[in-house]
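Me: I am new to this structure. Could you take me through it in short steps?

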Amino acid sequence: MATGLKLIVCSNSAPRWEEGAGLLPRSPGGLVPLLATLLGRHGGDWVCTMPLDDAAASGDGSAEVTALPGGVTLHRLRLPRATADRHYETIGVRLLLWLFHYLLDTARQPEGRLAEAWSAYETVNRAYADRLTTLMTGSPEEFVLVNDHHLFLVPEMLGPRAEGRGRVAFFQGLPWCEPDYFGVLPAHIRDRILTGLLCADVIGFHCTRWARAFLGCCARFLPGCAVDDRGVTYDGRRTRVIVAPFPLDVAMVERLRDEPATARWRERLDRDARGRRVIARADRIDLWKNLPRGFAAYRSLLEREPGLAGEWWFCAVATPPGRPTERTRALQRECEDLVADINERFGAPGRPAVSLIYPDLPTTRNCVVAALSGADLVLVNPTFDGMNLVAKEALYLGEHARLLLSVNAGAYEQLAGHVTPVDPFDVEGTASVMREAMASGVVPEERAAARRLLREQDANRWLDRMMGVQR
């Protein structure tokens, strides 16, 4: 890690501050814990959006600035509610989030009336860029890290920078879709996203597959650009494209494993299991997490072998999305209906075959850690996922649990030698793989190798890779 580093990070996601605990995510998982770890170690500035449930979120683009211990300064942008809604929900969720996960109904979407929402997207990106320019000094030690699909235009809006100045990086936490699918975007939005990103010095992705898809989009839609495996040259500048999967915060996972709240959840889950072996999953109720097919696969298995319900319990820990849409609400109802059907057919009084568990927010992570550490089998089957840290948590925590992992999860590339692959769209195939895994165990030496792999990763090594630092 370079000495004298001046770190500036920005994300639409906002952390919360807790005395004695530091910067914490508002919801489990995702980008915020990694950024909190980096700033906790190096100090620096964090620019984010003030949460919309905060009354002060009705604003004019100014920032609420809070100095925190450890040399960290939090800059929370006050955005007008209507602007923030259009930026986040209309563009961020209903257009881009669904695009990158292949979830658009392309017979009807994208919808034709995007001009007002896209203008709001530009306005929010401009507010971020304006705040960043007040913090940037141009020193060679400066590293600006812009994160995720809410802020695609920020690198361009920072404007040209002098030789010898610090670097601007962008990290895409979502998948990146193939050119044919990316091409459903209106041309002015599609091209603006690509040219805006190519104003960054480096762009990072969780796996090679997403990086190659991005390079393919540049080659397809930007005449005159030169693309190779390491980056893109366009309009006279070079942008490095790298693969830098998020590390597992091993220290945090170990702390969670030993907390009293985790022990309480483990006791409850052990009671609910009633002596049965445990299939576990832990997801936010998002469309791409593919919960219905996971439940359908288990139902198919029980239809073939009803007696398994007396030997196994499917424990599904679920958390709602922060701002649900009509599609996620319908997904939750579908999951609950599937679970009810399975339990009606294969459960017994006081002994459900499947349980959908909604932990309280303060102990959500404890519940997830308790479920994964006590599992005999873990299913992670997203249709497409940028990374999926639950897969890494399951490998680290599970003493003897086989991990069934979707080949379309970004984590699969890194973990392929330690997991059982699953085709997320094949319900019957998933059922068969699940049955095979029930009958086989984990070789201790193989699980030890997986843990060594996970321990070798940390936030500083991830940042070094983004910065191009050689160890």
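The questions below go through helix packing, cores, one buried strand residue and some backbone features.

Me: What kind of model is this, and how are residues numbered?
Reply: This is a predicted model, in which local features need pLDDT of at least 70, side-chain atom pairs count only at pLDDT 80 or more, and totals for chains, interfaces and linings use all residues. Side-chain values use heavy atoms, without hydrogens and water, and residues are numbered from 1 along each chain as its sequence is written.

Me: How do α12 and α13 pack: parallel, antiparallel, perpendicular or oblique?
Reply: Helices (H or I, at least four residues) and strands (E, at least two) are DSSP runs, numbered from the N terminus. Axes are lines fitted to C-alpha atoms, for helices over the stretch in contact, and angles run from 0 to 180 degrees between N-to-C directions. Helix α12 (residues 364–373) and helix α13 (residues 389–397) have axes 8 Å apart, at an angle of about 50 degrees. Under 35 degrees counts as roughly parallel, over 145 as roughly antiparallel, 65 to 115 as roughly perpendicular and the rest as oblique, so α12 and α13 are oblique.

Me: Which residues of α13 meet α12, and what classes make up the contact?
Reply: Contact means heavy atoms within 4.5 Å. From α12 come Arg365, Val368, Val369, Leu372 and Ser373, and they meet Val390, Glu393, Ala394 and Leu397 of α13. Ala, Val, Leu, Ile, Met, Phe, Trp, Tyr, Cys and Pro count as nonpolar, Asp, Glu, Lys and Arg as charged, and the others, Gly among them, as polar. The count for this contact is 6 nonpolar, 1 polar and 2 charged residues.

Me: At what angle do α1 and α17 cross?
Reply: Leu34, Thr37, Leu38, Arg41 and His42 of α1 make the contact with Ala459, Asn460, Trp462 and Leu463 of α17. The axes of α1 and α17 (residues 459–467) come within 10 Å. The two helices are roughly perpendicular to each other. They cross at roughly 90 degrees.

Me: How many residues are in the largest nonpolar core?
Reply: A nonpolar core is a set of buried Ala, Val, Leu, Ile, Met, Phe, Trp, Tyr and Cys residues joined through side-chain atoms within 4.5 Å. Buried means under 20% relative accessible area, exposed over 50%, and partly exposed in between (1.4 Å probe, protein chains only). Trp176, Phe182, Phe214 and Phe295 have the most contacts inside the largest core. That core has 130 residues.

Me: Is Val378 buried or exposed?
Reply: Val378 is found in strand β16 (residues 377–380). Not counting residues up to four places away in sequence, Val378 touches Ala280, Leu372, Ala394, Ala401, Arg402, Leu403 and Leu404. Its relative accessible area is 1%, so Val378 is buried.

Me: Arg274 and Asn290 both have a positive phi; which of them is buried?
Reply: Most residues other than glycine have a negative phi. Arg274, with phi near 55 degrees, is exposed at 55% relative accessible area. Asn290 has phi of about 70 degrees and a relative accessible area of 4%. The buried residue is Asn290.

Me: Which peptide bond is cis, with omega near 0 degrees?
Reply: Most peptide bonds are trans. Pro110 lies in the loop between α2 (81–100) and α3 (115–135). The cis bond is the one from Gln109 to Pro110.
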